[in-house]
Structure formats: C-alpha cells, structure tokens
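I opened this notebook to record what I looked up in one structure. The entries follow the order of my reading.

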Amino acid sequence: MTARGGIHVPPRAAEADPQGPQTRGSGPERARWAVSSGIDSAGVREAGRSDDGPFPWKGHDDGEPRGKPPSGARALRTGLHTAVLLCLATTLVHVGAVFLHVAPPNPVSRRYSRQIDAWMYPLFEQNWRLFAPNPDSVNRRVLARTAHTAPNGSVRVSPWTDLTALDRAAVEHDPFPSHTAQNLLRRAWASYVDTHGGDDTAHSPRAVMIQKYLRNTAVERVAEHRNGTFEFIQLRVVTLPVAAPGSAIGHQPSAPVENRLLPWWKVTPHGN
C-alpha cells in the first residue's frame, strides 16, 4: 500500500491475515511468520520439561531405598547406642554399689555383701576420713627384699630396700605430688592389717585379694628402682612412735614398737 507523498506503508497484521496468527499452521510456516513479523525465534526449553533426564526435584536412583541411611551408618549408630547403654548400666551399678557400701547395714547389703565387696575393693573403697580424719599415731616403714634362683641352683637374696623412703623422696619436693605415691603403699598395708590382724594367714577371699594387692604394690615399687629378675619377695614393716613435739635435733629415735617380718611370697620370674 502506498500512502500520500510516496511513503510505502506495510499492511497491518490483521489486514495481512484476517484470521490472525493463531490459525496458521505449525513448522516452517509458523517460523516464517515469526521472522516476517519481527520476532526472533529461540529454542527455549520449559523448566521441568526435560527430555534428557528426570525432573529437577527427582533424584537419581542410587540403589539404596529412599529414606534409609547406608548400612555403614546404621551399624555405626547401633554401636553408638549400645556403648551409651553400657555406660549408663555401668554407672547405675556403680552408684548402687557405692550406696549400699556406705549405707547402714540393711537386708539388701547383707544379702549381696560378697558382690558389693568384690566391686568396691580395692579401687573404690570408701571411708569418712576426709570429714573425720584419723591421723596415724606411729610411723611405719615398709621394706622389701627379693630372692633370685641362679641357674646352678643357688639362691641370691638382695639387701633391704626402704619403699617408704622412696615414696617420701618422690613427693618431698614435688608441688603436685601423686596420690598413689603418698598413700598407695600405706593404704595397702593398713588393709592387710585389717584383714589379717597379727596372723599372716588369709581366712577370707577378701584377705587373699588384699594380700595379692600388697604383694603386687611392693613388686612394682621394687621393679621401678632395681634391675634384674626375681622369683620371691619378702616384706618387713618397722613401726616407730611419733617423736614428741620440740624434741632436740639429733635425738636418737625411739625403739621400734613393732618389727614385723612377713613370709616369702612367690612371684613370676620377671617380678610380676
């Protein structure tokens, strides 16, 4: 169409196609109409309508059931739950044993006294000396010597070793002394006296246990400060009275109140 003044005016889309672009066919014909109408065609793919894979919100099948963790994670979780339950059960048993041990005698503590003592001694023994201290009125020195059988059948006996002096030297200049170095040997001997009295024969299972406890403690002390092997060990306990306050320096110590010699105890060749 030519307007006035020689200006060419293209026909309107409605005039070119009275039925509108909706009635045109698909394919090349629609593409030609898009180009002629000034619209650039582009290959736009709709979101979520992919021909190459699943929808974006759908995961790939990895062989594991949906919603279930891997077998390794399930085994780890089961082991963790089992460990927590065992810790809780052990804690409850320990608290119950300590309660029955320190509580006044009752039917439950009398019935299970053997099991309670087996659990509490010697590591979890309870006493009230922290609140009502009972200091020793004497000084005790625990000495030990060992014996070793030579290949020719002769027995060699070592000199006495003052285990108490070794413990005192270990804590004398230590600002943070070890509790075991201060009280382990002393408490082992006190428990031995409580269970054996003046006789060195064990009359109960607990007395046998305390005897082994004292023997093993002495063996460890000797092995730490002496080289070589031994098969026997013997203890001697010297009890001295506490010196009176204000005694002069250089005063001769009083005579021992008790000098107790224990029998030889058999140990392994390496002293264990």
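**Entry 1: a helix and its length.** I began with a definition: the expected span of a helix is 1.5 Å times one less than its number of residues. The model I examined is predicted. I then asked what span the 18 residues of helix α7 should have. For α7, residues 179-196, the expected span is 26 Å, and I found the end C-alpha atoms 25 Å apart, which agrees. Just after α7 comes Gly197, with a positive phi near 65°.

**Entry 2: the whole chain.** I noted 8 helices and 6 strands in the protein chain. Their order along the sequence is α-α-α-α-α-β-β-β-α-α-α-β-β-β. Of the 272 residues, 21% are buried. The chain exposes about 20400 Å², and carbon and sulfur atoms supply 58% of that area. I also looked at contacts with a separation of 6 or more: residues 24 or more positions apart account for 58% of them.

**Entry 3: what α7 packs against.** I listed the buried residues of α7, which include Ala181, Leu185, Trp189, Tyr192 and His196. The buried residues of this helix pack against β1 (138-149), α6 (163-172), α8 (205-225), β4 (232-241), β5 (258-261) and β6 (265-266).

**Entry 4: His196, buried or exposed?** I checked His196, which lies in α7. His196 has a relative accessible area of 6%, and the limit for buried is under 20%, so His196 counts as buried. Leaving aside neighbours within four places in sequence, I found His196 in contact with Thr201, Ala202, Ala207 and Gln211.

**Entry 5: the cores.** I recalled that nonpolar side chains in soluble globular proteins tend to be buried together. The largest nonpolar core here has 19 residues, and Leu163, Tyr192, Leu214, Ile233, Leu235, Leu262 and Trp265 have the most contacts inside it. The elements giving two or more residues to this core are β1, α7, α8 and β4. The largest share, 5 residues, comes from α8. Apart from this core I noted another, of 5 residues, among them Ala97, Val98, Ile116 and Tyr121. I also followed Leu163: not counting residues up to four places away in sequence, Leu163 touches Val142, Leu143, Ala144, Leu185, Ala218, Arg221 and Val222.

**Entry 6: a surface patch.** Lastly I turned to the surface, where Leu80, Val84, Leu85 and Leu88 make a nonpolar patch of about 390 Å². Leu85 is found in helix α3, residues 71-102. Its relative accessibility is 58%, and exposed means over 50%, so I recorded Leu85 as exposed.

Note on methods. Residues numbered from 1 in each chain as written. Predicted model: local features only at pLDDT ≥ 70, side-chain atom pairs only at ≥ 80, totals over all residues. Heavy atoms only, no water. Helix = DSSP H or I, 4+ residues; strand = E, 2+ residues; numbered from the N terminus. Buried < 20%, exposed > 50% of the residue type's maximum accessible area, 1.4 Å probe, protein only. Contact = heavy atoms within 4.5 Å. Patch = residues over 30% accessible without salt bridge, like charges linked within 9 Å, V, L, I, M, F, W, Y side chains within 5 Å. Areas by Shrake-Rupley, 256 points an atom, 1.4 Å probe, with all protein chains shown as cover. Salt bridge = Lys/Arg side-chain N within 4 Å of Asp/Glu carboxyl O. Core = buried A, V, L, I, M, F, W, Y, C linked by side-chain atoms within 4.5 Å.
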